[in-house]
Amino acid sequence: MSHQSQSEPIVPKKRIGIIGGGVSGLASAKSFQAQGHSVTIFERSTTIGGVWNPTRSYPGIKTQSPKDLYRFTDLCMPEEYPEWPSGGQVLEYLHTYVEKHELGSVFRFGAIVTNMEKRMDGKSGWVLTISQSNGREPKAQSYKMAFDFIVVCTGTFTNPKTIVHPGQSEFIEAGGIVKHSSEYKDTTNDEVIGKRVVVLGGSKSSTDIAVHAANQRGAHQVTMLYRRNIWRIPYFVAGINFKHLLFMRAQEVQFPSWKAPASIFSKLIALMAMPLIWLNFRMLECVLSFQLGLKKWGMVPKERIDDSVSCGLPSVTEGLFECFETGCIKPINTTIKCYRVNDNDGTKYLVLNNGETIKADIVIQATGWILDLPFLPDNLKEKLIDNDGLYRLFRFAVNPELPNIGFVGFNSSFCSVLSSEMIANWLVKYVDGMLVDQKSTEEMEVEIEKLLEWKRKVYPPAKVYGGNCVAPFHHLHFDEILHDIGARKYKAMFSYPDAEAYGECLESAPKYSVGKQTADVFLDDIL
Ligand SMILES: Cc1cc2nc3c(=O)[nH]c(=O)nc-3n(C[C@H](O)[C@H](O)[C@H](O)COP(=O)(O)OP(=O)(O)OC[C@H]3O[C@@H](n4cnc5c(N)ncnc54)[C@H](O)[C@@H]3O)c2cc1C
Ligand SMILES: NC(=O)c1ccc[n+]([C@@H]2O[C@H](COP(=O)([O-])OP(=O)(O)OC[C@H]3O[C@@H](n4cnc5c(N)ncnc54)[C@H](OP(=O)(O)O)[C@@H]3O)[C@@H](O)[C@H]2O)c1
């Protein structure tokens, strides 16, 4: 709750509409509510958690981030949790957070935001259209609600990307199954037992499901089809927990960030360090190749590791290379050309683009996600998203051409809970005009252009997932946030991001209060 003192500035209370009840929705609701604003979260599913909602994730899932790097600043994960908690444990943790901050009452579940339009009553803000189902009646009810500010927390991995290959419907008619990784569930795993499973895709969902189907679900054979070799990071690199490598400031400064060295002296240092940095990454590649046996599997990536670190860099699924060794998972560097069913005996096949034909009963498309904001009017989408799919966001959170809209979770990272909370705090102050360094529209536009230029020309891995990823530049991103909000307590953290310490930094920003009443007379809740 906000603490009002006479010396503190007072800003009008606002009504905040939050779309999405995952980690980012929770971070946003807590941050706006703690400042004293009124919040409502619209969540299309029936529970919190987003990607950790059991209807969205598959059995056996656990975090990639170690537990002290996947947490809010004011709530550590329980001690008894393992270093990499399971999906169920993360969900339980998120429920604890909801209870701690009394967020339960701000949720509207089964509420899909389908549209947003500018308020027509002369006030600034937006009117959301919500399609509400109550889980009992088949037909959803539609209603509208007006807000001063909308926070989009719909996530970068919300809409499954599926592919249709020639012959797919005949394959399904013959009893074959084709589904997206998000549909691989506990309840339907019987369909895997004793079957020939093909997993399409070479990233984290693909390897997780391949190992699960082979080791836990008794698939007869699992084939993993992937189209390019990528670097994967084991939880322990040469025996060292990867949090001591990938998350450190010393590691981060070795990548060319969006912030160019300011002085001639720092440019000189950067130049002199280049050979050492080069050597460091080549050594890391050697360690990874040796530890995982990448040569043996023809899986050494063409790309240098320093040209590929971003949110797309997966951790190694435990048991993956062991499964390659035993043969229960067969990796093939190719993709699907078409499905085929034998007319005589009904045997189902996949014809692959490398010319091979393999038998298959079930195909799981672990082919990723489509980033989309279907509720956003087209004219706003054009302003927000460039032709190459890159989002135009200042601090990964706002676009001055989209007034009264902010984005949380579009600064995805290797410690996404913390990055969502950090930017949610920044956004509260942005909305209230209380950033200590509040940039003008022109300055934000210049920064947006600079960031896009950097993603396109200097560090292309940053283009992954619409460019909505700050990894591996966590420290830099957090430094900028703390600078903007005027954090008085500021530690240049050299270790991996310490959530608790960042909490203290956030708390040290200048205080202000919100008034007791909302700024405007609102339209009725239900129009
Ligand atoms: C399987 C998986 C594992 C991951 N593991 C890690 C990890 O270990 N470490 C890490 O840092 N990151 C991880 N990530 C990244 C992950 O995306 C973030 O950690 C974080 O959970 C994202 O939270 P979010 O709230 O931004 O998005 P989401 O969790 O995707 O939540 C978005 C919510 O918005 C709702 N929504 C969408 N559209 C609408 C609408 N129109 N109306 C109403 N509601 C809507 C959705 O139902 C969903 O609940 C993982 C991602 C996946 C897919
Ligand atoms: N905590 C966890 O354990 C966990 C588990 C799952 C996912 N995640 C995270 O969630 C995010 C999404 O991961 P994801 O694995 O679901 O998706 P993803 O990273 O987007 O990977 C999609 C995969 O599908 C392949 N692909 C896409 N289109 C294809 C096509 N037409 N034909 C063949 N292959 C195609 C891609 O190949 P290309 O690379 O060639 O494009 C890639 O290998 C990532 O950030 C990941 O780290 C975390």
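This note goes through the shell around ligand 1 and then the two domains of the chain, in a model that is predicted.

1. Around ligand 1 there are 35 residues, and those that come nearest are Gly20, Gly22, Gly50, Gly155 and Gly409. Two or more residues of this shell are given by each of the elements α1 (23-35), β3 (38-43), β5 (111-118) and α9 (416-431). Among the elements, α1 gives the most to the shell around ligand 1, its contribution being three residues.

2. Sorted by class, the shell around ligand 1 holds 20 polar and 13 nonpolar residues, together with two charged residues.

3. The chain is divided into domain 1, which is made of the segments 11-158 and 371-513, and domain 2, which covers 162-368. Between the C-alpha centres of domain 1 and domain 2 the distance is 28 Å, and the contact takes 34 residues from domain 1 and 33 residues from domain 2.

4. On the side of domain 1 that touches domain 2, the elements giving two or more residues are α10 (441-458), α11 (464-467) and α12 (474-485). The largest share of that side comes from α10, which supplies four residues.

5. As for class, the side of domain 1 that touches domain 2 has 25 nonpolar residues, alongside seven polar and two charged ones. For a colleague reading the two regions side by side, the counts for the shell around ligand 1 are 13 nonpolar, 20 polar and two charged.

Notes. Residues numbered from 1 in each chain as written. Chains lettered and ligands numbered in written order. Predicted model: local features only at pLDDT ≥ 70, side-chain atom pairs only at ≥ 80, totals over all residues. Near = placed C-beta within 6 Å. Nonpolar A, V, L, I, M, F, W, Y, C, P; charged D, E, K, R; others polar. Domains from an automatic or database assignment. Contact = placed C-beta atoms within 7 Å.
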